[in-house]
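Me: Please take a close look at one part of this model, the packing between helices. Add some context from the rest of the chain where it is useful.

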Amino acid sequence: MTRLRSAHALVIAAFLAVVCAASAAIWHYGHGQALGQLAKQGRADLALASDRFTGELRRFRELAVLMAGHPALEATGSEAGREAAREVLLDAADKSGALAMVYAAPDGTVLAEVGEARLEPRGARYFERAMNGALGSFYGRLGPEDRRVYAYAAPAFRPGGGVRGAVIVLVDMAAVEWDWIGGQPPVFFTDEEGRVFLSNRAELLGWAPHVEGGYAPSEGPAPAFSAFLRSGHEIWRMDWGDYLPREALHLARPKPVIGMTGHALMDTWPARRIAWLQASVFAAVCLAFGAVLLQLGERRRVLTRANTQLEARVAERTAALSATNAALRREVQERQEAEAALKRAQADLVQAGKLSALGQMSAGISHELNQPLMAIRQFADNGAAFLAKGREEAAGENFSRISSLAARAARIIKNLRAFARNESEPMGKVDLGHVIDTAAELTEARLRADGVRLRWRKPKAPVHALGGEVRLAQVFVNLINNAADAMVGQARKEIAIAIELGPAITVTVRDTGPGIADPEKMFEPFYSTKQTSGEDGMGLGLSISYGLVQSFGGKIRGANAEGGGAVLTVELEHWREEEAAA
């Protein structure tokens, strides 16, 4: 027992270890996938921020280019002209929100300036670029306030060619980033020296790269910082203030349009949360599954012990039950063999019934075949004689009669052959009118010989029932022959067949005989009330018909008619196309 408990504890410990390892792997994979999505979002946010500032600065660049061609800047040789130029520049600065605007001569002399900042363009690289006919730009800090500015210098051309000066537009970066402060995610732009020049977090402005990594303010101790790679992404852990994440995905992209490098800090908490959620769900599912397995295992052990005890008790009774089962199997086998023999006997009886009916009808059928054959011979002789005399029209009529008589003989033989064969086809679509026509034609000679009149009119439209054509023909042949046998010695011999449509198809066969003595027994095998000799039958016709109709899912019953005679009713199912498809 102790060994079993120890093994049980080891299995549980191994299972928990596997679950922990798999959960850790899922956490690592899920975190990497989430960081990838976070990086895509960060790149999009960084590009959006860069486009925002580029769009703001583009407005001032276009202002510098536009003002460079203003005619008021051409007449700055006098004090009045310079005053007019200052008025024009002041109006443009007020309307555009520029920090300052300056118009300088090619040697760098300031001819007109307005605004809060003072600029000395002489010798500056951006001014030299403007003097060469191109658009110059620079960014940096000006004045004792260390104000962050961005400037554009646009060349002013003389009418005949050449540069006559430059218009410089200064932009206050604090005003540009004013409505961007506090946005998400934290974004900052660094200059060529790596100092933070522009950001939506004011506390980062002026920070410079630190020797131990990260950034630090120009004064004071460097805040805590560490960096590492995870799933190919650079992760920063830092303590840079309440408005910056403690752990962030760092993205850096150069922005040559504004001459800076953009940085974005994407908080990794959503990625960690997703990874923890995935790992937790996996661990919970595994633990729940393990608990179920543990419970099932414990239950199985209990059942095993119970089964052991039960098997010991069952073993005592097995011998007697085995002997009983062997006897039952022998009995079942004997019954199956008897049932198979019964089915074979029933099939043989059906075929015997057909052959018996054919035997009874043989004389009439021979007469039916002999008549058209003799007529064919006579018409053939007549046709030959007419041809010899040149009476081709009369010969043609004889040959037409020969064709119709041959068709009649062929039809009789076809019906006999179909009736006599042992049908094994499955049930299907059967035209009842055609089936009754076949039965009437097969019994026509016998009825004529006995002086029996058959009243039957085939419906104009086909009546389709579910059954087998040959077996149904045998049913109606048996019913017609049985009715003819019952009317032997009767003055009035008449059989009427009718079809009625309803929920089921009903076919009635009525005769003018003495009626049925015992309707309850009439379908039993070997039951017969015929007073004729034994050669008329064995009393199997109605029993065979009963079995055939039931095999089609139908019903057959007999009763005495009110005016005398017997009425046999056959009910069959309608043929339905949807059942055939099924």
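Reply: The answer below begins with the basis of the values and the whole chain, moves on to the helix packing, and ends with some single residues.

This is a predicted model, in which local features need pLDDT of at least 70 and side-chain atom pairs count only at pLDDT 80 or more, while totals for chains, interfaces and linings use all residues. Residues are numbered from 1 along each chain as its sequence is written, and side-chain values use heavy atoms, with hydrogens and water left out.

The chain has 10 helices and 20 strands; these are DSSP runs numbered from the N terminus, with helices being H or I of at least four residues and strands being E of at least two. Of its 582 residues, 39% count as buried, where buried is under 20% relative accessible area, exposed is over 50%, and partly exposed is in between (1.4 Å probe, protein chains only). The accessible surface of the chain is about 33400 Å², and carbon and sulfur atoms hold 55% of it; the areas come from the Shrake-Rupley method with a 1.4 Å probe, and for residues only the protein chains shown count as cover. Among contacts (heavy atoms within 4.5 Å) with a separation of 6 or more, 58% join residues 24 or more positions apart.

Now the part in question. Two packed helices are described by the angle between their axes and the distance between the axes. Helix 7 covers residues 432-450 and helix 8 covers residues 469-486; the two pack at about 40 degrees with axes 9 Å apart. Axes here are lines fitted to C-alpha atoms, for helices over the stretch in contact, and angles run from 0 to 180 degrees between N-to-C directions. Angles under 35 degrees count as roughly parallel, over 145 as roughly antiparallel, 65 to 115 as roughly perpendicular, and the rest as oblique. Helix 7 and helix 8 are therefore oblique to each other. The crossing of helix 7 with helix 8 is right-handed, meaning that the near helix is turned clockwise from the far one by less than a right angle; anticlockwise would be left-handed.

On the helix 7 side, the contact residues include Leu432, Val435, Ile436, Ala439 and Leu442, and on the helix 8 side they include Leu472, Phe476, Val477 and Ile480. By class, the residues of this contact between helix 7 and helix 8 are 13 nonpolar, 3 polar and 3 charged. Ala, Val, Leu, Ile, Met, Phe, Trp, Tyr, Cys and Pro count as nonpolar, Asp, Glu, Lys and Arg as charged, and the others, Gly among them, as polar.

Helix 8 also packs against helix 9: their axes come within 9 Å and cross at roughly 145 degrees. This crossing of helix 8 with helix 9 is left-handed. Arg471, Gln474, Val475, Asn478, Leu479 and Asn482 of helix 8 meet a set in helix 9 that includes Leu542, Ile544, Leu548 and Val549. The residues of the helix 8 and helix 9 contact divide into 6 nonpolar, 6 polar and 1 charged.

Helix 9 (residues 541-551) has Leu542, Ser543, Ile544, Ser545, Leu548 and Val549 buried. Just after helix 9, glycine 553 has a positive phi of about 80 degrees.

A few residues elsewhere give context. Phenylalanine 127 sits in helix 3 (residues 125-131) and counts as buried at 1% relative accessibility. Beyond residues up to four places away in sequence, phenylalanine 127 touches Ala104, Ala105, Pro106, Gly108, Pro121, Ala166 and Ile168. Serine 50, in helix 1 (residues 2-68), is also buried, at 7% relative accessibility. With residues up to four places away not counted, serine 50 touches Phe189 and Lys255.

Alanine 208 belongs to strand 8 (residues 208-209) and is partly exposed at 25%. Outside its neighbours within four places, alanine 208 is in contact with Gly194, Arg195, Gly214, Tyr215 and Ala216. Glycine 115, in strand 2 (residues 110-115), is partly exposed at 36%; outside its neighbours within four places, glycine 115 is in contact with Leu99 and Ala100.

Most residues other than glycine have a negative phi. Serine 231 has a positive phi near 55 degrees; this residue lies in the loop between strand 10 (225-230) and strand 11 (233-238).
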